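Me: I would like a close look at a single part of this structure, followed by an account of how that part sits in the rest of the chain.

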Amino acid sequence: MNAGSGLCALFFQPVTMSLSDPFLSIEDVTFSYGNGRVILNDVTLRFGRGQVVAIMGGSGMGKTTLLKLIGGLIRPQKGRILFDGTDVATADTQALYRARRKMGMLFQFGALFTDMSVFENVAFPLREQTDFDEEMIRDLVLMKLDAVGLRGAADLMPSAISGGMARRVALARAIALDPALIMYDEPFAGLDPISMGITAQLIRKLTDALQATAIIVTHDVAETFEIADYVYMVNAGRIAAQGTPEELTASTDPYVCQFLKGLPDGPVAFHYPAKSVEEEFGVRS
Ligand SMILES: Nc1ncnc2c1ncn2[C@@H]1O[C@H](COP(=O)(O)OP(=O)(O)O)[C@@H](O)[C@H]1O
Ligand SMILES: [Mg+2]
């Protein structure tokens, strides 16, 4: 075999979609912040290598909490979180640190450091977590910026670029260390429709190029269904529905229909629980 075909084999290996041996699995996890309210109630989610998996659900349903659990920032009261052979739910500090080095995160409202150039923002994780020399850092940063189409913007300050571009810089920063798992918390929030589409396509492209696993937490149905392999819907502490975008689109489940169509009423009530109108206003019936 010559070197050329070896390289091809390296880059064009079929991505394994089998979930019998998932790269990350959340097994029977229950979590509460300790105030008596159960945020996640015995949930199980599995993420295969090379997959883009979406976690969808309304605000306050525990989506960001799930990402914090995967990152080992908080620990569940019950269950296991198996990430590439490590149970991050019980791992010691060292094992957790090793696991986290394989994770990239685009935080909710993922802001850039405003006092650093685009280049320095992407270089930040490399400077923090590696001892690469300047030349290596420069090559890697420019490569990541090129992947998101912004090599030419390397020297600009965040204040000089658009919101859509800033999000792409944040993507480049999230993948700076070639993570095996990339978590995107609300990657489309606050973007115009064109930037949303660009960001979604980039997430798919970067996941495939890195042969990584991507988790997108979002409530933007259209963008997500374009690129996701699998979708979990969380509601009231449980997995309310799951499936491929095609399966969910075809679903007649009332919760799925309400969520996908953005209907104000359905299994999820429009009204926050309150006293009855009679009680509140002293109206006699
Ligand atoms: N540090 C915390 N302490 C107590 N409650 C919290 C904390 N962080 C989040 N919560 C609560 O947990 C619930 C889930 O939060 P979160 O995971 O951020 O939801 P989502 O990302 O789906 O909007 C919310 O009701 C939120 O108020
Ligand atoms: Mg959130």
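Leaving aside its neighbours within four places in sequence, which residues is Thr213 in contact with?

Reply: The model is a predicted one. Leaving out neighbours within four places in sequence, Thr213 is in contact with Phe23, Phe47, Gly48, Arg49, Gly50, Gln51, Ala180, Leu181, Ile182 and Thr207. Thr213 itself lies in strand E8, which spans 213–218. With a relative accessibility of 1%, Thr213 counts as buried, the cut-off for that being under 20%.

Several of these contacts can be placed in named elements. Leu181 and Ile182 belong to strand E7, which covers residues 181–185. Phe47 falls within strand E2, residues 38–47. Thr207 falls within helix H7, residues 193–210.

Take E7 next. E7 and E8 run parallel and are joined by five bridges. In this pairing Met183 stands opposite Ile215 of E8. E7 also pairs with strand E6, residues 103–106, again in the parallel sense, over four bridges. Here Met183 of E7 is the bridge partner of Met105. Met183 thus has a bridge partner in E8, Ile215, and another in Met105.

Both faces of E7 are covered. Leu181, Met183 and Asp185 are buried on one side, and Ile182 and Tyr184 are buried on the other. Five of the five residues of E7 are buried, so the strand is largely enclosed by the rest of the structure. The two E7 residues in contact with Thr213, Leu181 and Ile182, are on opposite sides of the strand.

The loops on this path deserve a note on backbone geometry. Most residues other than glycine have a negative phi. Glu186 is not a glycine, yet its phi is positive, at about 50 degrees. Glu186 lies in the loop between E7 and H7. Its relative accessibility is 10%, and Glu186 therefore counts as buried. Gln211, also a residue other than glycine, has a positive phi near 50 degrees. Gln211 sits in the loop between H7 and E8. With a relative accessible area of 33%, Gln211 is partly exposed.

The contact with Phe47 leads to another part of the chain. E2 belongs to an open sheet of four strands, in the order E2-E1-E4-E5 and with antiparallel pairing. E2 and E5 (86–87) stand at the edges with a single partner strand each, so one side of each is left without a neighbour in the sheet. E5 pairs with E4, residues 78–83, in the antiparallel sense over two bridges. Phe83 stands opposite Thr86 of E5. Helix H2, residues 63–70, packs on this sheet and touches E1 (24–32), E2 and E4. The direction of H2 makes about 115 degrees with that of E1.

Six of the eight residues of H2 are buried, so the helix is largely enclosed by the rest of the structure. The buried residues in H2 are Lys63, Thr65, Leu66, Leu67, Leu69 and Ile70. Just after H2, Gly72 takes a positive phi of about 70 degrees.

H2 also takes part in the surroundings of ligand 1. Around the ligand are Tyr33, Arg37, Ile39, Gly58, Ser59, Gly60, Met61, Gly62, Lys63, Thr64 and Thr65. H2 gives the most to this shell, with three residues. Ile39, also in the shell, falls within E2 (38–47). An oxygen atom of ligand 1 is 2.8 Å from an N or O atom in the side chain of Thr64. A polar backbone atom of Gly62 lies 3.0 Å from an oxygen atom of the ligand. From a nitrogen atom of the ligand to a polar side-chain atom of Tyr33 the distance is 3.4 Å. Ligand 1 exposes 560 Å² when taken alone, and the protein buries 63% of that.

For the chain as a whole, there are eleven helices and ten strands. Of its 285 residues, 46% count as buried. Among contacts between residues at least 6 apart in sequence, 64% join residues at least 24 apart. The contacts of Thr213 with Phe23 and Phe47 are examples of contacts across the sequence. The accessible surface of the chain comes to about 15000 Å², and 55% of it belongs to carbon and sulfur atoms.

Notes
Residues numbered from 1 in each chain as written. Chains lettered and ligands numbered in written order. Predicted model: local features only at pLDDT ≥ 70, side-chain atom pairs only at ≥ 80, totals over all residues. Heavy atoms only, no water. Buried < 20%, exposed > 50% of the residue type's maximum accessible area, 1.4 Å probe, protein only. Contact = heavy atoms within 4.5 Å. Areas by Shrake-Rupley, 256 points an atom, 1.4 Å probe, with all protein chains shown as cover. Pairing = 2+ DSSP bridges. Axes fitted to C-alpha atoms, helices over the stretch in contact; angles between N-to-C directions. Near = heavy atom within 4 Å. Polar contact = N/O pair within 3.5 Å; in protein donor to acceptor, adjacent residues only side chain to side chain.
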